[in-house]
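Q: Could you take a close look with me at one part of this protein? I'd like a connected walk through it, at the level of individual side chains.

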Amino acid sequence: MPLTQAQLRAHIFLIILDKFSNTEERRREALAEYFLVTMPNVSQEAADRLAGLIPDLMPELYSKWIGEFADRLFETVPDEQLQHLCDGTVENNAALGLVFLMFMESERMEKEVEEDLRAYALKHSGSDDMGDLVAAYLRGKVDALRAEVAGEKEQ
């Protein structure tokens, strides 16, 4: 039995969100590691404190971007292909992740992500600098997702 559009949207959302989700502890560790690599003069303690200052982007921004991705899929991909893409197999979940990456790397989305991160950082910290840090971290997260998806496709 075919999935409804709401079921397809929920599947897409959960698969993509799972690719980005981490526990709060793991998210902070990843941020601290990123800061240590990109800012060699920063101490572990400073990197840990800085990581704690960056709010979790998940609820607001990831939801927005995944929603836009799903909207674009519904506009451009025939229902039969969407049904197949959302069948829950490892291969199709990896393909969904890859298509999401391509969507996020589009010129329009790169510009929108930068704008969203700056607005988010300004709203939550009052500083554009925090938006630059978060943008760089998110780019790293997308690169990690790309590597993960490539690994899943090879299996």
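Q: Which backbone oxygen does the side chain of Asn92 reach, and what else is there to see in the helix around it?

A: Happy to take you through it, keeping in mind that this is a predicted model. The side chain of Asn92 reaches the backbone oxygen of His84, at 2.9 Å. A polar contact of 3.0 Å also joins the Asn92 side chain to that of Asp87. Setting aside neighbours within four places in sequence, the residues in contact with Asn92 are His84, Leu85 and Asp87. Asn92 has a relative accessibility of 11%, so it counts as buried.

Now for the helix itself. Asn92 sits in α6, which has 15 residues and should span 21 Å at 1.5 Å a residue; its end C-alpha atoms are indeed 21 Å apart, so expectation and model agree. Asn92 has buried company in this helix: among the other buried residues of α6 are Asn93, Leu96, Phe100, Phe103 and Met104. As background, an α-helix has 3.6 residues a turn, so residues three or four places apart point the same way.

From here we can move to the largest nonpolar core, which has 25 residues. Ile12, Ile16, Trp65, Phe69, Leu96 and Met104 are the members that touch the most others. Helices α1, α4, α5, α6 and α7 each supply at least two residues of this core, and α4 gives the largest share, with eight. In soluble globular proteins, nonpolar side chains tend to be buried together.

Phe69 is a good place to see how α6 meets the rest. Not counting residues up to four places away in sequence, Phe69 touches Ile12, Ile16, Leu96, Val99, Phe100 and Phe103. The model has two aromatic pairs. In one of them, Phe69 and Phe100 meet edge-to-face, with 5.1 Å centre to centre and 80° between the planes. Phe69 belongs to helix α4 and Phe100 to helix α6, so this pair ties together parts 31 residues apart in sequence. Both Phe69 and Phe100 are buried.

Phe69 also pairs with Phe103, this time in a tilted arrangement: 5.5 Å centre to centre and 55° between the planes. This pair again links α4 with α6, across 34 residues, and Phe103 is buried, as is Phe69. Taken together, Phe69, Phe100 and Phe103 make up one aromatic cluster.

To sum up α6: Asn92 makes its side-chain polar contact with Asp87, while Phe100 and Phe103 join Phe69 in the aromatic cluster.

Technical notes:
Residues numbered from 1 in each chain as written. Predicted model: local features only at pLDDT ≥ 70, side-chain atom pairs only at ≥ 80, totals over all residues. Heavy atoms only, no water. Core = buried A, V, L, I, M, F, W, Y, C linked by side-chain atoms within 4.5 Å. Buried < 20%, exposed > 50% of the residue type's maximum accessible area, 1.4 Å probe, protein only. Helix = DSSP H or I, 4+ residues; strand = E, 2+ residues; numbered from the N terminus. Contact = heavy atoms within 4.5 Å. Expected span 1.5 Å × (residues − 1). Phe/Tyr/Trp six-rings, centres within 6.5 Å; stacked < 30°, edge-to-face > 60°. Polar contact = N/O pair within 3.5 Å; in protein donor to acceptor, adjacent residues only side chain to side chain.
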